[in-house]
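Let's take a walk through this chain together, starting from one residue and working outwards. Keep the structure open beside you as you read.

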Amino acid sequence: MAQLNPNAIAFTGLANEYCQAVENAREYEQGDFVRTMLKLLPRLYITASDLTIDDVDEFDAYIDPALEEDYYDSVRRSMEEVFGEEDIYLEVFEEDMKFSDTPVSASISEGLADIFQVLYNYLATVRDTTDETVKLALVSVRDDFKSYWSSTLCNVLRALNAIAVRE
């Protein structure tokens, strides 16, 4: 793997830990899985928001999709089963909410699967590759974090917290 700063190494390790937990969701009881996600998600948020990458042309940053749709659906369905009826929550930060008379709902399992997709693709890209490719993948995952999966992470974290405090 490329020479990375400590935060990039921590991010890669956390991404791997998150993907393993999500892939093995069926093996968890709901409470254990919720606690695992509540420990991983804040750490992922902190490391992703602090990613700095030197000496790379950021305009070339792109990650090829590696996650197949069937596997994504399988992972999402596994988590949906773990959460059961608590998988759906009201989304208050949805842009459409401003113009709607009805609540907008979201799915914890879908949010976690969306994050999984980004991190899975990142890990598949950086496995056994050049320093330049690793740096470009880090730039891409950081940009994706800023533009969309950071808010997904925060929204899902809020929903997971609501489950945890009811236990």
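Start by finding L153, which sits in helix α5. Keep in mind that this is a predicted model. Is L153 buried or exposed? Its relative accessible area is 1%, and the cut-off for buried is under 20%, so L153 counts as buried. Leaving aside residues up to four places away in sequence, L153 touches L41, L44, Y45 and I115. Take Y45 from that set: L153 and Y45 are 108 residues apart in sequence, yet their C-alpha atoms are 7.5 Å apart in space.

Now zoom out for a moment. The chain has five helices and two strands, and from the N terminus on the order is α-α-α-β-β-α-α. It has 167 residues, and 43% of them count as buried. Look at the contacts in the chain with a separation of 6 or more: 79% of them are between residues 24 or more positions apart.

Back to the helices around L153. Two packed helices are described by the angle between their axes and the distance between the axes. How do α2 and α5 pack? Helix α2 covers residues 30-49, and its axis lies 10 Å from that of α5, at an angle of about 150 degrees. Angles over 145 degrees count as roughly antiparallel, so that is the label for α2 and α5. Their crossing is left-handed. On the α2 side, the contact is made by Q30, V34, M37, L38, L41, P42, L44, Y45, A48 and S49. From α5 come R142, F145, W149, S150, L153, C154, V156, L157, L160, N161, I163 and A164. Sort the residues of this contact by type and you get 17 nonpolar, four polar and one charged.

Helix α2 has another partner to look at, α4, which spans residues 108-126. Here the axes come within 13 Å and cross at roughly 50 degrees, so α2 and α4 are oblique to each other. This crossing is left-handed too, as α2 passes α4. Which residues meet here? F33, M37, L41 and L44 do the job in α2, and L112, I115 and L119 in α4. The residues of the contact of α2 with α4 are seven nonpolar, no polar and no charged. You have met some of these names already: L41, L44 and I115 are among the residues that L153 touches.

On to the charged side chains. Side chains of opposite charge can pair when their charged atoms come close. How many salt bridges are there? The count comes to seven, and three of them follow here.

One salt bridge joins the side chains of R166 and E86, at 2.5 Å from N to O. This pair links distant parts of the chain, 80 residues apart: R166 is in α5 (residues 131-166), while E86 is in the loop between α3 (69-83) and β1 (88-90). R166 is exposed, at a relative accessible area of 55%, whereas E86 is partly exposed at 24%.

Another has E91 and R158 as partners, with the closest N and O atoms 3.6 Å apart. E91 lies in the loop between β1 and β2 (105-107) and R158 is in α5, so this pair ties together parts that are 67 residues apart in sequence. With a relative accessibility of 4%, E91 counts as buried, while R158 is partly exposed at 33%.

The next one pairs R142 with D143, their side chains meeting at 3.4 Å, N to O. R142 is buried, with a relative accessibility of 8%, and D143 is partly exposed at 32%. You have seen R142 before, since R142 is among the α5 residues in the contact with α2.

For a last stop, go to R76 in helix α3. Is R76 buried or exposed? Its relative accessibility is 18%, and anything under 20% is called buried, so R76 counts as buried. Setting aside residues up to four places away in sequence, R76 touches S109, E110 and A113.

Conventions: Residues numbered from 1 in each chain as written. Predicted model: local features only at pLDDT ≥ 70, side-chain atom pairs only at ≥ 80, totals over all residues. Heavy atoms only, no water. Salt bridge = Lys/Arg side-chain N within 4 Å of Asp/Glu carboxyl O. Helix = DSSP H or I, 4+ residues; strand = E, 2+ residues; numbered from the N terminus. Buried < 20%, exposed > 50% of the residue type's maximum accessible area, 1.4 Å probe, protein only. Axes fitted to C-alpha atoms, helices over the stretch in contact; angles between N-to-C directions. Parallel < 35°, antiparallel > 145°, perpendicular 65-115°, else oblique. Left-handed = near helix turned anticlockwise from the far one by under 90°. Contact = heavy atoms within 4.5 Å. Nonpolar A, V, L, I, M, F, W, Y, C, P; charged D, E, K, R; others polar.
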